[in-house]
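Colleague: I would like to learn how to read a protein model from its general outline down to its parts. Could you take me through one?

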Amino acid sequence: MKMINPDDLSKAIKELLTEKKIDLFIGWEKGSLPLSATPLFITSEDEAERAVFDITCGNNLSIYFTKDRKQFADKKVGIAVKGCDARSVVLNTLEKQIDRANVVMVGVPCHGVLDKKKVLAKTDGREVLELIDNGDTVTLIGKGYELSIDRSEILSSSCLACIYPDAQECDIFIGDARAEVPNENRLKEIKEFEALSTEERWANTCAEYEKCIRCYACRNVCPSCYCNVCFVDQNDPGWIGNTCEFTDSMIFHVIRNLHVAGRCVECGACERACPMDINLLLLNRKVAMEVKDRFGDIAGLDINGKPAMVDFKEDEKQDFIMG
Amino acid sequence: MANPYIPLQMKVQRIETEDPDRTLRTYDLTFVNESEKEAFNYLPGQFCEISILGKGESPFGIASSPTEKDYLRFTVNRTGSVTNDIHYLRNGDIIGMRGPLGNWYPVDDMKGMNVLIVGGGFAFTTLRSLLIYLLDSRDDYKDITVIYGARNPDLFIYKDEIAIWKQRDDIQFHLTIDNPVDGWTDKTGFVPTVTKEVSPGPDNAMAIVCGPPVMIKYTLPVLTELGFPDERIYTSLERRMKCGIGKCGRCNIGSKYICIDGPVFSMAELKNIPETV
Amino acid sequence: MNMVRLDKQNLDNFIRELSAEYSVYAPGNTGGKTEFIPVESGDEIDFSRTVTDMSPKGIFFPPAEVLFEYDKDGVRAAQTSHRPIAVFGMRSCDARSLVMLDRVFGSAIQMPDDEKFQDPYWKEKYDSSLIFGFACNEPLSTCFCNWFSGGPYNRDGMDVSVVDAGDVYLMEPVSDKGIEIISKLSCLTDASEEDKALLEKMASDAESMMTAPLDVEGLGERLTALFDESIWDEISAKCVNCGACTFSCPTCHCFDMQDEGKGEKGKRVRIWDSCMLPIFTMEASGHNPRALSRDRVRQRVMHKYSYYPENYGEILCTGCGRCVMVCPVNLDIREVLKKFIAYNEQGK
């Protein structure tokens with residue numbers, strides 16, 4: 001497993017800022033908690049050394065382009081991207097949210113990011129005070145315990161199914177970017193879900209969405225969710241109820257799921273952000289798989305392509321249009 | 001225990017359309033239950049939450065004066081879901097109402113003083129309440145001057161009453177519109193400019209300002225310039241008040257809740273509150 | 001009244017006895033997450049986490065609560081009469097949060113005695129409740145209750161203080177209600193002098209585990225002075241304005257009121273809301289006084305550490321650390337406060 005050399009990353013950022021190729025760099029830095037890195041915004045080359053990339057860098061930073069109504073519209077921005085994050089930048093470029101010419105994408109070699117709930121399951125809920133990323137294994141240290149576990153045991157479900165860990169579109173790559181990486185587990189979770197009976201699928205889905213507290217962390221960390229006014233926030237007409245009752249929550253998640261159909265880059269940020277540990281990615285990935293099967297499109301992969309849902313091909317079956 | 005979340009039942013008694021575009025309508029409401037009418041005591045400046053069951057509530061300043069005993073008056077600008085439904089109401093319909101909420105203009109402190117009322121657009125509602133209230137005890141107050149501005153002549157509310165007020169010799173009533181219009185004989189120009197022109201002196205005077213945020217923003221400095229001390233300039237703030245009883249947090253600015261600490265604030269108070277004007 | 005002890009073997013009996021008169025809530029595990037759930041026996045309780053994932057505020061201020069129902073015959077207040085609530089196992093931070101919330105829901109700033117400004121739904125549940133607090137023997141690294149005059153053994157807001165002392169729970173009544181219930185319950189025995197000494201030692205051990213507190217004296221005034229400074233842009237840059245912090249917070253209490261109904265029948269429900277969400281202050285005209293992320297982050301910080309203290313003399317934060325744990329971008333409120341204090345001390 002070839003991990004990133006942090007010096008190479010800070011050197012690249014330093015160069016971009018020194019040579020004024022960018023006004024701002026968005027990356028990650030060490031967070032206040034051992035399991036979370038935190039987004040980093042720097043404008044001066046002296047700060048470049050704060051940038052890190054490791055198993056704790058789960059945030060998809062491309063969300064910051066659309067925050068506060070395109071806050072960086074007049075800036076040259078450098079951004080650190082994992083494979084999935086790069087797809088978000090591409091998708092948002094195709095959807096005219098980002099001017100690609102103003103963005104310098106810095107790819108980082110990704111071996112997956114952790115899911116806090118999986119870590120806590122490993123420690124039986126005991127607090128983790130230190131995490132050491134050894135590559136294939138990870139060491140977790142807390143009060144009175146030290147655990148060494150396989151990296152794969154705590155990776156986000158999105159990473160376990162990932163085939164594009166490295167940016168397929170980027171300007172600079174720290175190390176050697178891998179092209180598509182075969183992954184036998186690509187569809188494992190989806191196939192397992194599909195194999196269940198209708199009743200079981202319904203029961204699973206209910207159990208998941210019942211947990212929702214409607215905090216919208218999933219929506220707000222999602223790079224594909226950038227509507228100025230989200231459908232849940234519209235009240236004239238009010239499309240759906242805003243209580244935490246199961247029916248209201250489920251409608252929210254299902255509509256969101258369809259809104260990101262063909263647009264979800266499967267980064268898993270939603271699932272990692274969820275304070276209630278809802279399995280949010282499964283349905284999104286199922287829909288992404290359908291889009292791939294029917295339209296041959298993988299969201300955010302081709303900077304010259306067109307997102308599946310806004311594209312039209314004459315040989316499409318289009319049965320949903322023709323009825 | 002009284003439940004402040006339960007709306008009273010009110011009956012629509014009279015509806016009047018105020019403008020040619022039909023976006024402004026005035027509603028006179030009467031109490032369905034007589035006992036609730038007795039218990040309902042208010043002063044100019046207070047507001048109510050009006051409910052359309054199934055849609056929700058919106059806050060409206062009370063436009064009638066407590067001296068008008070028979071009804072409560074509200075003027076509703078059609079902007080959103082609730083106000084849209086209010087505009088579909090007909091005479092005799094029953095709707096919900098909670099109130100009176102909030103504080104009021106300092107009518108007691110005004111006694112024996114000159115009063116300047118400055119208003120803009122459809123925010124003249126609580127100013128109407130105030131003006132009627134003052135006129136109904138005319139001898140308690142000295143000179144009363146009113147400056148009322150709107151974008152164009154159509155957008156004044158209470159046009160019939162304005163005609164009467166203008167005839168009275170015990171108030172100075174100035175109307176102004178933003179831009180000249182053929183046949184308009186009153187003033188032309190923005191409210192702050194007109195205020196500068198016609199305002200009485202600050203001695204023994206109280207100024208009450210209510211209107212769109214931009215009007216308030218530029219009128220307050222004019223009053224200061226004219227010599228009104230901060231303690232004698234009052235304005236009414238608008239926010240998206242929801243519960244109306246200082247709980248839900250929507251209208252919180254600084255350490256204040258507009259729904260209970262306001263909506264009426266003196267300029268002296270406003271200076272200590274962030275995010276206001 | 002003196003300290004009493006409850007053998008852990010007797011916890012189940014204790015809960016059952018309490019259940020005769022009260023609806024008992026305690027920390028439980030629901031699908032991997034810990035929150036306060038109704039329990040009828042000791043086995044349902046899960047004390048494995050120092051801080052439950054969800055705060056206990058929902059017991060008294062539910063995420064969605066029906067205010068009234070209506071139909072063609074009129075409006076009826078939601079049925080509120082139910083058995084009094086007892087909560088077992090509420091940490092010091094959480095017990096304090098209820099005192100803070102009660103100042104808002106139980107009264108109002110200007111009109112403390114006016115019934116019109118009391119929240120009947122909160123009062124009906126909270127005033128008759130019984131809080132068995134639970135001292136913390138193992139504070140987490142995210143705990144900072146000691147910044148705001150709290151502590152792992154603080155007893156504010158409790159009726160009875162409970163300490164886990166190995167095989168037994170040591171209990172001491174804190175309020176009159178506490179004295180009454182302790183004298184009523186049968187499975188308690190008198191504590192010994194050794195128990196008392198043990199408790200004192202445990203308390204000082206727990207306190208020594210806390211990290212050094214930040215000096216928050218005058219924090220509110222400092223924040224007010226910095227209201228218009230650009231530091232808010234820097235602080236809020238990473239915030240994604242979700243409601244995870246506000247919904248997990250034991251003291252955040254803003255809500256929305258929404259009608260749900262069809263035709264002549266329906267209900268008005270109050271729902272937890274969040275000042276982090278742009279819709280919170282959006283006006284019908286489309287104007288939003290807090291349009292930017294910065295405006296909303298500032299509101300939350302100011303409300304907790306400046307506005308509420310100005311009104312009530314105490315910071316609206318218990319230092320439970322939930323917001324620190326759930327924030328998807330690790331915007332750590334402790335770091336934020338430290339930055340503000342440092343910013344000010346530099347004279348700018």
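Modeller: We will go from the overall form of chain B to its domains.

This is a predicted model, in which local features need pLDDT of at least 70 and side-chain atom pairs count only at pLDDT 80 or more, while totals for chains, interfaces and linings use all residues. Residues are numbered from 1 along each chain as its sequence is written, and chains are lettered from A and ligands numbered from 1 in the order in which they are written.

Colleague: How many helices and strands are there in chain B?

Modeller: Helices (H or I, at least four residues) and strands (E, at least two) are DSSP runs, numbered from the N terminus; chain B has eight helices and 15 strands.

The radius of gyration, taken over C-alpha atoms, is set against a globule rule of 2.2 Å times the number of residues to the power 0.38. For chain B it is 18 Å, close to the 19 Å that the rule gives for 277 residues, so the chain is as compact as a globular protein of that length.

Colleague: Into which domains is chain B divided?

Modeller: Domain bounds come from an automatic or database domain assignment, and here chain B is divided into domain 1 (8-101) and domain 2 (114-236). The C-alpha centres of these two domains of chain B lie 24 Å apart.

Two residues are in contact if their C-beta atoms, placed from the backbone, lie within 7 Å; the contact between the domains takes 17 residues from domain 1 of chain B and 13 residues from domain 2 of chain B. On the domain 1 side, the elements giving two or more residues are strand S2 (24-31) and strand S5 (72-77) of chain B.
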